[in-house]
2 protein chains.
Amino acid sequence: MAKIKNKHNATKKEVIVEAATRLFREKGFKAASMRDLAEAVGVEAASLYNHIQSKEELLQEICFKVANAFNQHCEEVENSDLGSIQKVEAILRFHIRMMLEQYEMVIVADRDWKHLSDPYLSNYHNQRRTYRKRLAGIIEKGIENAEVKPVDAPTVVLIMLHAVNGIESWHRSKEKISARQLEENMVLIMIDGLKA
Amino acid sequence: MAKIKNKHNATKKEVIVEAATRLFREKGFKAASMRDLAEAVGVEAASLYNHIQSKEELLQEICFKVANAFNQHCEEVENSDLGSIQKVEAILRFHIRMMLEQYEMVIVADRDWKHLSDPYLSNYHNQRRTYRKRLAGIIEKGIENAEVKPVDAPTVVLIMLHAVNGIESWHRSKEKISARQLEENMVLIMIDGLKA
DNA sequence: GGCCAACTAACTGCCGTTCGTTTGTATATT
DNA sequence: AATATACAAACGAACGGCAGTTAGTTGGCC
(Lines give C-alpha, C1' and ligand atoms only; values in the text may rest on other atoms or scores of the structure.)
Protein backbone atom coordinates (compact mmCIF):
# COMPACT_ATOMS: atom_id res chain seq x y z
CA MET A 1 0.00 0.00 0.00
CA ALA A 2 2.93 2.32 0.47
CA LYS A 3 3.13 4.80 -2.37
CA ILE A 4 5.63 3.96 -5.01
CA LYS A 5 8.26 6.62 -5.25
CA ASN A 6 10.94 7.25 -7.80
CA LYS A 7 14.54 8.29 -7.24
CA HIS A 8 13.63 11.86 -6.37
CA ASN A 9 11.30 10.68 -3.61
CA ALA A 10 8.26 11.73 -5.57
CA THR A 11 5.06 9.85 -6.30
CA LYS A 12 4.40 9.24 -9.97
CA LYS A 13 1.36 11.44 -9.59
CA GLU A 14 3.57 14.24 -8.32
CA VAL A 15 5.81 13.78 -11.32
CA ILE A 16 2.78 14.10 -13.58
CA VAL A 17 1.56 17.23 -11.79
CA GLU A 18 4.99 18.81 -12.14
CA ALA A 19 5.13 18.08 -15.84
CA ALA A 20 1.56 19.34 -16.25
CA THR A 21 2.50 22.56 -14.48
CA ARG A 22 5.32 23.17 -16.92
CA LEU A 23 3.18 22.26 -19.92
CA PHE A 24 0.14 24.29 -18.88
CA ARG A 25 2.32 27.30 -18.20
CA GLU A 26 3.87 27.03 -21.64
CA LYS A 27 0.82 26.29 -23.78
CA GLY A 28 -2.16 27.17 -21.61
CA PHE A 29 -4.49 24.62 -20.05
CA LYS A 30 -6.85 24.30 -23.01
CA ALA A 31 -4.12 24.12 -25.63
CA ALA A 32 -2.09 21.49 -23.78
CA SER A 33 -3.22 17.98 -24.59
CA MET A 34 -2.98 14.85 -22.52
CA ARG A 35 -0.88 13.35 -25.30
CA ASP A 36 1.55 16.25 -24.97
CA LEU A 37 1.66 15.63 -21.25
CA ALA A 38 2.17 11.89 -21.69
CA GLU A 39 5.10 12.54 -23.99
CA ALA A 40 6.64 14.88 -21.45
CA VAL A 41 6.33 12.21 -18.79
CA GLY A 42 7.62 9.52 -21.15
CA VAL A 43 4.53 7.36 -21.28
CA GLU A 44 1.41 6.77 -23.36
CA ALA A 45 -1.60 8.99 -22.74
CA ALA A 46 -3.75 6.15 -21.44
CA SER A 47 -1.17 5.29 -18.79
CA LEU A 48 -1.62 8.66 -17.10
CA TYR A 49 -5.05 7.54 -15.95
CA ASN A 50 -3.52 4.91 -13.70
CA HIS A 51 -2.39 7.83 -11.54
CA ILE A 52 -4.86 10.66 -12.07
CA GLN A 53 -8.58 10.90 -12.51
CA SER A 54 -8.87 13.59 -15.14
CA LYS A 55 -7.14 16.51 -16.80
CA GLU A 56 -9.06 18.89 -14.60
CA GLU A 57 -7.81 17.20 -11.47
CA LEU A 58 -4.33 18.33 -12.46
CA LEU A 59 -5.52 21.91 -12.71
CA GLN A 60 -7.21 21.59 -9.33
CA GLU A 61 -4.02 20.39 -7.68
CA ILE A 62 -2.09 23.29 -9.13
CA CYS A 63 -4.64 25.97 -8.29
CA PHE A 64 -5.25 24.95 -4.70
CA LYS A 65 -1.59 24.36 -3.95
CA VAL A 66 -1.04 28.00 -4.89
CA ALA A 67 -4.11 29.27 -3.09
CA ASN A 68 -3.15 27.46 0.11
CA ALA A 69 0.36 28.85 0.07
CA PHE A 70 -0.85 32.43 -0.23
CA ASN A 71 -3.65 32.06 2.28
CA GLN A 72 -1.40 30.49 4.86
CA HIS A 73 1.24 33.17 4.54
CA CYS A 74 -1.35 35.92 4.63
CA GLU A 75 -2.73 34.58 7.88
CA GLU A 76 0.73 34.49 9.44
CA VAL A 77 1.30 38.10 8.50
CA GLU A 78 -2.11 39.22 9.72
CA ASN A 79 -1.49 37.64 13.11
CA SER A 80 1.95 39.19 13.44
CA ASP A 81 2.64 42.44 15.25
CA LEU A 82 4.23 44.15 12.25
CA GLY A 83 3.24 47.68 11.25
CA SER A 84 0.82 48.08 8.36
CA ILE A 85 3.35 49.02 5.76
CA GLN A 86 5.60 46.21 6.92
CA LYS A 87 2.73 43.78 6.54
CA VAL A 88 2.13 44.98 3.01
CA GLU A 89 5.82 44.69 2.27
CA ALA A 90 5.95 41.18 3.71
CA ILE A 91 3.10 40.03 1.52
CA LEU A 92 4.56 41.74 -1.51
CA ARG A 93 7.87 40.01 -0.88
CA PHE A 94 6.16 36.67 -0.54
CA HIS A 95 4.44 37.14 -3.89
CA ILE A 96 7.74 38.08 -5.46
CA ARG A 97 9.48 35.02 -4.06
CA MET A 98 6.68 32.71 -5.16
CA MET A 99 7.00 34.17 -8.64
CA LEU A 100 10.74 33.70 -8.51
CA GLU A 101 10.78 30.14 -7.23
CA GLN A 102 7.43 28.65 -8.22
CA TYR A 103 6.35 30.89 -11.02
CA GLU A 104 5.02 28.17 -13.29
CA MET A 105 2.32 27.04 -10.92
CA VAL A 106 1.52 30.58 -9.84
CA ILE A 107 0.97 31.64 -13.43
CA VAL A 108 -1.12 28.61 -14.31
CA ALA A 109 -3.35 29.14 -11.30
CA ASP A 110 -3.70 32.82 -12.07
CA ARG A 111 -4.35 32.47 -15.77
CA ASP A 112 -6.26 29.19 -16.07
CA TRP A 113 -8.34 28.87 -12.89
CA LYS A 114 -11.41 29.84 -14.89
CA HIS A 115 -11.29 26.44 -16.57
CA LEU A 116 -12.10 24.75 -13.29
CA SER A 117 -15.68 23.59 -12.97
CA ASP A 118 -17.94 23.73 -9.95
CA PRO A 119 -17.66 23.24 -7.07
CA TYR A 120 -13.95 23.91 -7.45
CA LEU A 121 -14.56 26.97 -9.57
CA SER A 122 -16.66 28.84 -7.05
CA ASN A 123 -14.48 27.63 -4.20
CA TYR A 124 -11.39 29.07 -5.84
CA HIS A 125 -13.23 32.21 -6.84
CA ASN A 126 -14.30 32.81 -3.25
CA GLN A 127 -10.81 32.27 -1.89
CA ARG A 128 -9.52 34.76 -4.40
CA ARG A 129 -12.05 37.39 -3.42
CA THR A 130 -11.47 36.81 0.28
CA TYR A 131 -7.71 37.08 -0.10
CA ARG A 132 -8.00 40.42 -1.84
CA LYS A 133 -10.34 41.76 0.80
CA ARG A 134 -7.97 40.76 3.58
CA LEU A 135 -5.13 42.49 1.80
CA ALA A 136 -7.23 45.60 1.22
CA GLY A 137 -8.09 45.54 4.92
CA ILE A 138 -4.44 45.68 5.90
CA ILE A 139 -3.89 48.62 3.59
CA GLU A 140 -6.92 50.51 4.92
CA LYS A 141 -5.63 50.04 8.44
CA GLY A 142 -2.36 51.55 7.24
CA ILE A 143 -4.18 54.53 5.82
CA GLU A 144 -6.06 55.09 9.09
CA ASN A 145 -2.86 55.32 11.11
CA ALA A 146 -1.16 57.40 8.40
CA GLU A 147 1.49 54.85 7.51
CA VAL A 148 0.12 54.63 3.99
CA LYS A 149 -0.87 57.42 1.61
CA PRO A 150 -4.62 58.03 1.38
CA VAL A 151 -5.29 55.99 -1.73
CA ASP A 152 -8.00 53.57 -2.78
CA ALA A 153 -7.08 50.29 -1.12
CA PRO A 154 -8.62 47.91 -3.69
CA THR A 155 -6.68 49.72 -6.40
CA VAL A 156 -3.45 49.15 -4.51
CA VAL A 157 -4.29 45.46 -4.31
CA LEU A 158 -4.90 45.28 -8.04
CA ILE A 159 -1.61 46.94 -8.81
CA MET A 160 0.42 44.85 -6.39
CA LEU A 161 -0.98 41.50 -7.36
CA HIS A 162 -0.64 42.11 -11.07
CA ALA A 163 2.70 43.87 -10.96
CA VAL A 164 4.43 40.76 -9.66
CA ASN A 165 3.17 38.81 -12.68
CA GLY A 166 5.73 40.74 -14.66
CA ILE A 167 8.34 38.45 -13.18
CA GLU A 168 7.28 35.88 -15.76
CA SER A 169 9.02 38.00 -18.38
CA TRP A 170 12.09 38.27 -16.17
CA HIS A 171 12.43 34.49 -16.24
CA ARG A 172 12.61 34.56 -20.02
CA SER A 173 14.82 37.62 -20.43
CA LYS A 174 18.43 37.25 -21.45
CA GLU A 175 20.19 39.85 -19.37
CA LYS A 176 18.70 39.15 -15.99
CA ILE A 177 19.52 41.11 -12.93
CA SER A 178 19.81 38.83 -9.89
CA ALA A 179 16.70 37.62 -8.11
CA ARG A 180 17.78 39.55 -5.05
CA GLN A 181 18.14 42.78 -7.01
CA LEU A 182 14.81 42.22 -8.69
CA GLU A 183 13.07 41.83 -5.36
CA GLU A 184 14.63 44.95 -3.90
CA ASN A 185 13.83 46.98 -7.00
CA MET A 186 10.23 45.90 -7.03
CA VAL A 187 9.70 46.61 -3.37
CA LEU A 188 11.38 49.99 -3.68
CA ILE A 189 9.27 51.01 -6.65
CA MET A 190 6.01 49.83 -5.15
CA ILE A 191 6.56 51.24 -1.69
CA ASP A 192 8.49 54.40 -2.45
CA GLY A 193 7.44 55.16 -6.02
CA LEU A 194 9.31 56.09 -9.11
CA LYS A 195 9.96 59.76 -8.60
CA ALA A 196 13.37 60.78 -7.32
CA MET B 1 -17.76 46.64 -54.42
CA ALA B 2 -18.59 49.08 -51.67
CA LYS B 3 -18.45 47.33 -48.34
CA ILE B 4 -21.79 46.42 -46.93
CA LYS B 5 -22.36 48.18 -43.68
CA ASN B 6 -25.01 47.74 -41.06
CA LYS B 7 -26.87 50.38 -39.08
CA HIS B 8 -23.92 51.20 -36.89
CA ASN B 9 -21.79 51.95 -39.93
CA ALA B 10 -19.73 48.84 -39.41
CA THR B 11 -18.71 46.13 -41.86
CA LYS B 12 -20.03 42.69 -41.04
CA LYS B 13 -16.45 41.64 -40.58
CA GLU B 14 -16.02 44.38 -38.01
CA VAL B 15 -19.10 43.12 -36.22
CA ILE B 16 -17.60 39.64 -36.13
CA VAL B 17 -14.26 40.90 -34.84
CA GLU B 18 -16.03 42.82 -32.08
CA ALA B 19 -18.02 39.76 -31.03
CA ALA B 20 -14.87 37.65 -31.19
CA THR B 21 -13.07 40.13 -28.97
CA ARG B 22 -15.76 39.83 -26.33
CA LEU B 23 -15.89 36.06 -26.61
CA PHE B 24 -12.13 35.52 -26.56
CA ARG B 25 -11.79 37.78 -23.55
CA GLU B 26 -14.43 35.82 -21.70
CA LYS B 27 -13.45 32.25 -22.54
CA GLY B 28 -9.92 32.50 -23.90
CA PHE B 29 -8.99 32.02 -27.55
CA LYS B 30 -8.63 28.25 -27.44
CA ALA B 31 -11.78 27.62 -25.43
CA ALA B 32 -13.98 29.84 -27.58
CA SER B 33 -15.43 27.97 -30.55
CA MET B 34 -16.51 29.28 -33.91
CA ARG B 35 -19.99 27.97 -33.14
CA ASP B 36 -20.04 30.06 -29.97
CA LEU B 37 -19.00 33.05 -32.03
CA ALA B 38 -21.61 32.36 -34.69
CA GLU B 39 -24.33 32.27 -32.06
CA ALA B 40 -23.14 35.58 -30.65
CA VAL B 41 -23.32 37.12 -34.10
CA GLY B 42 -26.69 35.48 -34.79
CA VAL B 43 -25.66 33.28 -37.68
CA GLU B 44 -24.52 29.74 -38.46
CA ALA B 45 -20.84 28.93 -38.03
CA ALA B 46 -20.27 28.31 -41.71
CA SER B 47 -21.63 31.73 -42.60
CA LEU B 48 -18.79 33.43 -40.76
CA TYR B 49 -16.44 32.25 -43.47
CA ASN B 50 -18.12 34.50 -46.01
CA HIS B 51 -16.47 37.36 -44.13
CA ILE B 52 -13.33 36.00 -42.55
CA GLN B 53 -10.64 33.58 -43.57
CA SER B 54 -9.99 31.73 -40.35
CA LYS B 55 -10.28 31.84 -36.60
CA GLU B 56 -6.69 32.92 -36.34
CA GLU B 57 -7.30 35.90 -38.60
CA LEU B 58 -9.62 37.23 -35.90
CA LEU B 59 -6.85 36.94 -33.33
CA GLN B 60 -4.46 38.68 -35.71
CA GLU B 61 -6.81 41.61 -36.17
CA ILE B 62 -7.19 42.00 -32.43
CA CYS B 63 -3.51 41.69 -31.59
CA PHE B 64 -2.21 44.08 -34.21
CA LYS B 65 -4.92 46.65 -33.61
CA VAL B 66 -3.69 46.79 -30.02
CA ALA B 67 -0.02 46.75 -30.95
CA ASN B 68 -0.48 49.57 -33.44
CA ALA B 69 -2.31 51.74 -30.95
CA PHE B 70 0.45 51.42 -28.37
CA ASN B 71 3.28 51.83 -30.84
CA GLN B 72 1.75 54.92 -32.37
CA HIS B 73 1.16 56.58 -29.02
CA CYS B 74 4.64 55.66 -27.82
CA GLU B 75 6.18 57.31 -30.86
CA GLU B 76 4.21 60.50 -30.27
CA VAL B 77 5.41 60.66 -26.70
CA GLU B 78 9.01 59.94 -27.64
CA ASN B 79 9.00 62.79 -30.16
CA SER B 80 7.45 65.23 -27.70
CA ASP B 81 9.45 67.65 -25.57
CA LEU B 82 8.07 66.37 -22.26
CA GLY B 83 10.37 65.59 -19.34
CA SER B 84 11.25 61.97 -18.71
CA ILE B 85 8.91 61.41 -15.84
CA GLN B 86 6.13 63.14 -17.75
CA LYS B 87 6.75 60.82 -20.68
CA VAL B 88 6.49 57.81 -18.41
CA GLU B 89 3.33 59.20 -16.89
CA ALA B 90 1.84 59.89 -20.32
CA ILE B 91 2.45 56.32 -21.42
CA LEU B 92 1.13 54.95 -18.15
CA ARG B 93 -2.02 57.03 -18.52
CA PHE B 94 -2.48 55.79 -22.07
CA HIS B 95 -2.26 52.19 -20.89
CA ILE B 96 -4.78 52.90 -18.18
CA ARG B 97 -7.21 54.51 -20.60
CA MET B 98 -6.87 51.68 -23.08
CA MET B 99 -7.64 49.26 -20.27
CA LEU B 100 -10.62 51.39 -19.26
CA GLU B 101 -12.11 51.85 -22.70
CA GLN B 102 -10.86 48.94 -24.80
CA TYR B 103 -9.91 46.42 -22.17
CA GLU B 104 -11.36 43.40 -23.93
CA MET B 105 -9.06 43.61 -26.90
CA VAL B 106 -6.09 44.64 -24.79
CA ILE B 107 -6.52 41.60 -22.60
CA VAL B 108 -7.01 39.20 -25.49
CA ALA B 109 -3.89 40.50 -27.20
CA ASP B 110 -1.88 40.29 -23.99
CA ARG B 111 -3.08 36.84 -22.94
CA ASP B 112 -3.61 34.99 -26.22
CA TRP B 113 -1.03 36.35 -28.66
CA LYS B 114 1.00 33.18 -28.20
CA HIS B 115 -1.64 31.31 -30.19
CA LEU B 116 -0.69 33.24 -33.30
CA SER B 117 1.41 31.28 -35.76
CA ASP B 118 4.34 32.48 -37.79
CA PRO B 119 4.99 34.90 -39.36
CA TYR B 120 2.50 36.80 -37.21
CA LEU B 121 3.80 35.25 -34.02
CA SER B 122 7.37 36.43 -34.41
CA ASN B 123 6.23 39.76 -35.80
CA TYR B 124 4.11 40.40 -32.73
CA HIS B 125 6.80 39.08 -30.44
CA ASN B 126 9.34 41.48 -31.93
CA GLN B 127 7.02 44.45 -31.63
CA ARG B 128 6.46 43.57 -28.00
CA ARG B 129 10.16 43.40 -27.27
CA THR B 130 10.86 46.61 -29.12
CA TYR B 131 8.11 48.47 -27.29
CA ARG B 132 9.48 47.45 -23.92
CA LYS B 133 12.97 48.50 -24.89
CA ARG B 134 11.76 51.92 -26.00
CA LEU B 135 9.94 52.37 -22.72
CA ALA B 136 13.00 51.25 -20.76
CA GLY B 137 15.03 53.76 -22.74
CA ILE B 138 12.81 56.62 -21.64
CA ILE B 139 13.14 55.54 -18.03
CA GLU B 140 16.92 55.24 -18.24
CA LYS B 141 17.09 58.75 -19.65
CA GLY B 142 15.07 59.86 -16.65
CA ILE B 143 17.52 58.18 -14.30
CA GLU B 144 20.47 59.90 -15.99
CA ASN B 145 19.04 63.35 -15.43
CA ALA B 146 17.90 62.46 -11.92
CA GLU B 147 14.19 62.77 -12.58
CA VAL B 148 13.71 59.13 -11.76
CA LYS B 149 15.06 57.09 -8.84
CA PRO B 150 18.08 54.94 -9.71
CA VAL B 151 16.22 51.67 -10.27
CA ASP B 152 16.47 48.91 -12.83
CA ALA B 153 14.58 50.23 -15.86
CA PRO B 154 13.39 46.88 -17.28
CA THR B 155 11.93 46.06 -13.88
CA VAL B 156 9.97 49.30 -13.92
CA VAL B 157 8.61 48.38 -17.33
CA LEU B 158 7.51 44.97 -16.09
CA ILE B 159 5.72 46.46 -13.13
CA MET B 160 4.01 49.21 -15.09
CA LEU B 161 2.79 47.08 -17.95
CA HIS B 162 1.45 44.35 -15.71
CA ALA B 163 0.01 46.59 -13.02
CA VAL B 164 -2.49 48.09 -15.46
CA ASN B 165 -3.83 44.62 -16.21
CA GLY B 166 -5.41 44.75 -12.79
CA ILE B 167 -8.01 47.03 -14.30
CA GLU B 168 -9.67 43.92 -15.67
CA SER B 169 -10.79 43.12 -12.13
CA TRP B 170 -12.01 46.67 -11.67
CA HIS B 171 -14.40 46.17 -14.57
CA ARG B 172 -15.97 43.22 -12.80
CA SER B 173 -16.03 44.62 -9.28
CA LYS B 174 -19.30 45.73 -7.72
CA GLU B 175 -18.31 48.83 -5.84
CA LYS B 176 -16.30 50.63 -8.46
CA ILE B 177 -14.63 53.91 -7.89
CA SER B 178 -14.94 56.15 -10.96
CA ALA B 179 -12.63 55.67 -13.91
CA ARG B 180 -11.16 59.10 -13.26
CA GLN B 181 -10.39 58.24 -9.65
CA LEU B 182 -8.90 54.91 -10.66
CA GLU B 183 -6.56 56.58 -13.10
CA GLU B 184 -5.38 59.17 -10.59
CA ASN B 185 -4.88 56.56 -7.90
CA MET B 186 -2.85 54.31 -10.17
CA VAL B 187 -0.65 57.12 -11.38
CA LEU B 188 -0.12 58.37 -7.84
CA ILE B 189 0.84 54.95 -6.55
CA MET B 190 3.17 54.15 -9.41
CA ILE B 191 4.90 57.51 -9.56
CA ASP B 192 4.95 58.50 -5.90
CA GLY B 193 4.75 55.13 -4.15
CA LEU B 194 2.70 53.82 -1.32
CA LYS B 195 4.47 55.18 1.69
CA ALA B 196 3.05 58.32 3.28
C1' DG C 1 -30.17 37.79 -63.99
C1' DG C 2 -26.35 38.31 -61.07
C1' DC C 3 -24.43 38.22 -56.70
C1' DC C 4 -23.83 38.47 -51.85
C1' DA C 5 -24.64 36.15 -47.81
C1' DA C 6 -27.13 32.96 -45.50
C1' DC C 7 -28.17 27.98 -45.01
C1' DT C 8 -27.56 22.52 -44.31
C1' DA C 9 -24.54 18.82 -44.44
C1' DA C 10 -20.49 16.85 -44.02
C1' DC C 11 -15.42 16.08 -43.64
C1' DT C 12 -11.10 15.46 -41.32
C1' DG C 13 -8.61 15.57 -37.23
C1' DC C 14 -7.67 15.88 -32.55
C1' DC C 15 -9.57 15.88 -27.95
C1' DG C 16 -10.18 13.45 -23.21
C1' DT C 17 -11.10 9.19 -21.83
C1' DT C 18 -12.18 3.93 -21.46
C1' DC C 19 -11.34 -0.80 -22.42
C1' DG C 20 -9.10 -5.15 -22.18
C1' DT C 21 -4.73 -6.87 -22.03
C1' DT C 22 0.22 -7.48 -21.26
C1' DT C 23 4.42 -6.55 -18.73
C1' DG C 24 7.35 -6.19 -14.96
C1' DT C 25 8.48 -6.92 -10.33
C1' DA C 26 8.07 -7.82 -5.43
C1' DT C 27 6.53 -11.20 -2.33
C1' DA C 28 4.96 -15.81 -0.85
C1' DT C 29 5.21 -20.76 -1.41
C1' DT C 30 7.35 -24.92 -2.40
C1' DA D 1 16.92 -21.62 -5.23
C1' DA D 2 13.10 -22.07 -8.22
C1' DT D 3 8.46 -21.30 -9.05
C1' DA D 4 3.80 -19.43 -8.44
C1' DT D 5 0.89 -15.50 -7.14
C1' DA D 6 -0.58 -10.74 -7.01
C1' DC D 7 -0.84 -6.26 -8.31
C1' DA D 8 0.65 -1.82 -10.00
C1' DA D 9 1.48 0.30 -14.18
C1' DA D 10 2.39 0.20 -18.86
C1' DC D 11 0.33 -0.57 -23.57
C1' DG D 12 -2.49 -0.27 -28.33
C1' DA D 13 -6.88 0.40 -29.98
C1' DA D 14 -10.87 2.51 -29.96
C1' DC D 15 -14.80 5.50 -28.40
C1' DG D 16 -17.95 9.57 -28.82
C1' DG D 17 -17.68 14.31 -29.25
C1' DC D 18 -16.49 18.63 -30.76
C1' DA D 19 -13.18 21.44 -33.19
C1' DG D 20 -12.23 24.36 -37.58
C1' DT D 21 -13.34 24.36 -42.03
C1' DT D 22 -15.29 23.24 -46.93
C1' DA D 23 -18.81 22.26 -50.41
C1' DG D 24 -22.89 22.85 -52.61
C1' DT D 25 -27.19 25.09 -52.49
C1' DT D 26 -30.92 28.40 -51.58
C1' DG D 27 -33.05 32.85 -50.90
C1' DG D 28 -33.44 37.65 -51.38
C1' DC D 29 -32.22 42.20 -53.20
C1' DC D 30 -30.60 45.77 -56.97
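Okay, so first a definition: when I say contact, I mean heavy atoms within 4.5 Å. With that in hand, the contact between chains A and B takes 41 residues from chain A and 41 residues from chain B.

Before I go on, some ground rules. This is a predicted model, where local features need pLDDT of at least 70 and side-chain atom pairs count only at pLDDT 80 or more, while totals for chains, interfaces and linings use all residues. Residues are numbered from 1 along each chain as its sequence is written, chains are lettered from A and ligands numbered from 1 in the order in which they are written, and side-chain values use heavy atoms, with hydrogens and water left out.

Let's look at chain A by itself. Chain A has 10 helices and 0 strands; helices here are DSSP runs of H or I with at least four residues, strands are runs of E with at least two, and the numbering goes from the N terminus. Chain A has 196 residues, and 52% of them count as buried. Buried means under 20% relative accessible area, exposed means over 50%, and partly exposed is in between, using a 1.4 Å probe and protein chains only. The C-alpha trace of chain A spans about 60 × 40 × 30 Å along its principal axes. And if you take contacts in chain A between residues at least 6 apart in sequence, 66% of them join residues at least 24 apart.

Here's one residue to zoom in on. A:His73 sits in helix α4 (residues 55-78) of chain A. Is A:His73 buried or exposed? It's buried, at a relative accessible area of 16%. Beyond its neighbours within four places in sequence, A:His73 is in contact with A:Ala90, A:Ile91 and A:Phe94. Take A:Ala90: it is 17 residues from A:His73 in sequence, and the two are 9.3 Å apart in space, C-alpha to C-alpha.

Back to where the two chains meet. Chain A and chain B bury about 3,600 Å² between them, with 67% of it on carbon and sulfur atoms. Buried area, by the way, is the accessible area (1.4 Å probe) that two parts lose on being put together, summed over both.

How many salt bridges cross the interface of chain A and chain B? The rule finds 2, a salt bridge being a side-chain nitrogen of Lys or Arg within 4 Å of a carboxyl oxygen of Asp or Glu. In one of them, the side chains of A:Lys114 and B:Glu168 meet, 4.0 Å from N to O. On the chain A side, the elements giving two or more residues are α5 (84-101), α8 (153-163), α9 (167-172) and α10 (179-192). The largest share there, 8 residues, comes from α10(A). By type, that side divides into 21 nonpolar, 8 polar and 12 charged. For those labels, Ala, Val, Leu, Ile, Met, Phe, Trp, Tyr, Cys and Pro count as nonpolar, Asp, Glu, Lys and Arg as charged, and the others, Gly among them, as polar.

Staying with B:Glu168 for a second, it's also one of the residues touched by B:Arg25. B:Arg25 is in helix α1 (residues 12-27) of chain B, and at 12% relative accessibility B:Arg25 counts as buried.

Now salt bridges within a chain. Side chains of opposite charge can pair when their charged atoms come close. Over all chains, the count comes to 30 salt bridges. A:Arg128 pairs with A:Asp110, the closest N and O atoms being 3.4 Å apart. A:Arg128 lies in helix α7 (residues 120-144) and A:Asp110 in helix α6 (residues 103-112) of chain A, so this pair ties together parts that are 18 residues apart in sequence. In chain B, B:Glu184 and B:Arg180 form another, at 3.2 Å. Those two are 4 residues apart in helix α10 (residues 179-192) of chain B, so about one helical turn separates them.

Last stop, the DNA. Which residues are closest to DNA strand D? They are A:Glu44, A:Asn50, A:His51, B:Met34 and B:Tyr49, out of 17 residues that surround the strand, where near means a heavy atom within 4 Å. A backbone N or O atom of B:Met34 is 2.7 Å from a phosphate oxygen of DNA strand D. As for the bases, an N or O atom in the side chain of B:Arg35 is 2.9 Å from a base nitrogen of the strand, and a polar side-chain atom of A:Arg35 lies 3.3 Å from a base nitrogen.

Notes. A polar contact is a pair of N or O atoms within 3.5 Å; within protein, one must be able to donate a hydrogen and the other to accept it, and residues adjacent in sequence count only if both atoms are side-chain atoms.
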